[in-house]
Amino acid sequence: MSYSLSAPAHHELVIKKSRFIACVQPVDGRAQAQAVVDGLRREHPGAAHVCWALLAGGQSAAVDDGEPSGTAGRPMLDVLRHQQLEGVLATVVRYFGGVKLGAGGLVRAYTDSVAQALLGVEKVPRQRMVQLCPSVPYPLEGLLRREIAAAGAQLLDVRHASQVAFTLSLPEAQAAPFAARLDELASGRVAWLPAD
């Protein structure tokens with residue numbers, strides 16, 4: 001099972017006069033992560049480096065931002081992996097203090113910054129969401145809306161045509177029981193359309 005974070009968390013570390021300002025936060029993907037990093041660059045124009053690691057399936061990334069290759073982004077990404085996180089961005093803004101730390105020192109600094117930030121945040125189980133697209137005759141619209149609300153599903157779209165077509169999202173583990181219950185309640189009058 002993978003986890004996300006309940007909220008962003010921060011930690012600041014000072015090593016040999018260099019400041020390492022770490023943040024870990026949940027994100028939807030690379031576009032949102034890049035926006036966060038761009039915002040940090042604007043917020044910290046005097047920083048020597050804004051290194052980051054994103055663990056988000058096929059959109060994962062590890063960026064050293066001018067630090068020696070493999071000394072910042074990759075170690076940060078390894079911390080996220082070790083914590084079984086998914087959909088999480090780790091950023092570290094570094095203000096150089098004038099003393100070089102060496103490759104090993106940088107790896108430790110970036111690893112410790114992210115690990116310390118993660119100590120202060122709750123991890124939450126991440127659920128894989130799926131979309132269902134039931135279509136029902138108009139007299140069953142109210143029934144379907146009540147079942148969607150009772151299941152805690154998110155209603156994404158409703159289209160009124162010859163029938164009422166819904167698009168909803170719910171955790172993958174709930175999809176089959178929800179569909180079976182709906183089929184039973186509607187006496188087989190639900191048409192299941194392919195998800196977009």
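Biologist: How many bridges join strand 9 to strand 10?

Modeller: Bear in mind that this is a predicted model. Strand 10 covers residues 164–171, and strand 9 runs antiparallel to it. One pairing to look up is Q154, whose bridge partner in strand 10 is S169. The number of bridges joining the two strands is six.

Biologist: And which helix lies across strand 8, strand 9 and strand 10?

Modeller: Look at residues 141–151, which cross those strands at about 10° to strand 10. Another helix, helix 5 (residues 172–185), packs on the sheet too, touching strand 8, strand 10 and strand 11, with its direction at about 145° to that of strand 10. The one lying across strand 8, strand 9 and strand 10 is helix 4.

Biologist: Which are the edge strands of that open sheet?

Modeller: The sheet has four strands, antiparallel in their pairing, in the order 9-10-8-11. An edge strand here pairs on one side only. From one strand to the next, the twist averages 25°. The edges are strand 9 (154–160) and strand 11 (191–193).

Biologist: Let's move to strand 4. Why is strand 4 largely enclosed by the rest of the structure?

Modeller: Take the two directions its residues point in: H49, C51, A53 and L55 go one way, while V50, W52 and L54 go the other. Both sets are buried, and buried here means under 20% relative accessible area. Strand 4 is largely enclosed because the number of its residues that are buried is seven of the seven.

Biologist: What is the bridge partner of W52 in strand 6?

Modeller: Strand 4 and strand 6 run antiparallel, with seven bridges joining them. For W52, the partner in strand 6 is T91.

Biologist: Strand 4 also forms a hairpin with strand 5. Which residue in the turn has a positive phi?

Modeller: The two strands pair in the antiparallel sense over three bridges, and one of the pairings puts A53 opposite A62 in strand 5. Five residues sit between the strands of this hairpin. The turn residue with a positive phi, about 55°, is G57.

Biologist: Positive phi also turns up outside glycine. What is the phi of D65?

Modeller: D65 sits in the loop between strand 5 and helix 2, and it is partly exposed, with a relative accessible area of 25%. Q84 is another non-glycine case, with phi near 60°, in the loop between helix 2 and strand 6. Q84 is partly exposed as well, at 45% relative accessible area. As for D65, phi is near 45°.

Biologist: What covers the buried residues of helix 2?

Modeller: Start with what needs covering: G73, P75, M76, L77, V79 and L80 are the buried residues of this helix. L80 shows some of the packing, since, leaving aside neighbours within four places in sequence, it is in contact with A53, L55, L85, V88, A90, V114 and L118. The cover includes strand 4, strand 5 (61–63), strand 6 and helix 3.

Biologist: Which element supplies the largest share of the largest nonpolar core?

Modeller: That core has 26 residues, and V24, M76, L80, Y110, V114 and L118 touch the most other members. Several elements each supply at least two residues, among them strand 2 (9–15), strand 3 (18–26), helix 2 (73–82) and strand 6 (88–95). The largest share is six residues, and it comes from helix 3.

Biologist: How many residues are in the second, separate core?

Modeller: Its members include V136, I148, V164 and V190. The count for this core is 17 residues.

Biologist: Is A103 buried, partly exposed or exposed?

Modeller: A103 lies in helix 3. Its relative accessible area is 48%, and exposed would need over 50% while buried would need under 20%. A103 is therefore partly exposed.

Biologist: Last one, on overall shape. What radius of gyration does the protein chain have?

Modeller: The C-alpha atoms fill a box of roughly 75 × 30 × 25 Å along the principal axes. Of the 196 residues, 43% count as buried, and the chain exposes about 10,200 Å², with carbon and sulfur atoms supplying 52% of that. A compact globule of 196 residues would come out near 16 Å, but the value for this chain is 23 Å.

Terms used. Residues numbered from 1 in each chain as written. Predicted model: local features only at pLDDT ≥ 70, side-chain atom pairs only at ≥ 80, totals over all residues. Heavy atoms only, no water. Core = buried A, V, L, I, M, F, W, Y, C linked by side-chain atoms within 4.5 Å. Buried < 20%, exposed > 50% of the residue type's maximum accessible area, 1.4 Å probe, protein only. Contact = heavy atoms within 4.5 Å. Pairing = 2+ DSSP bridges. Rg over C-alpha atoms; globule rule 2.2 N^0.38 Å. Areas by Shrake-Rupley, 256 points an atom, 1.4 Å probe, with all protein chains shown as cover. Axes fitted to C-alpha atoms, helices over the stretch in contact; angles between N-to-C directions.
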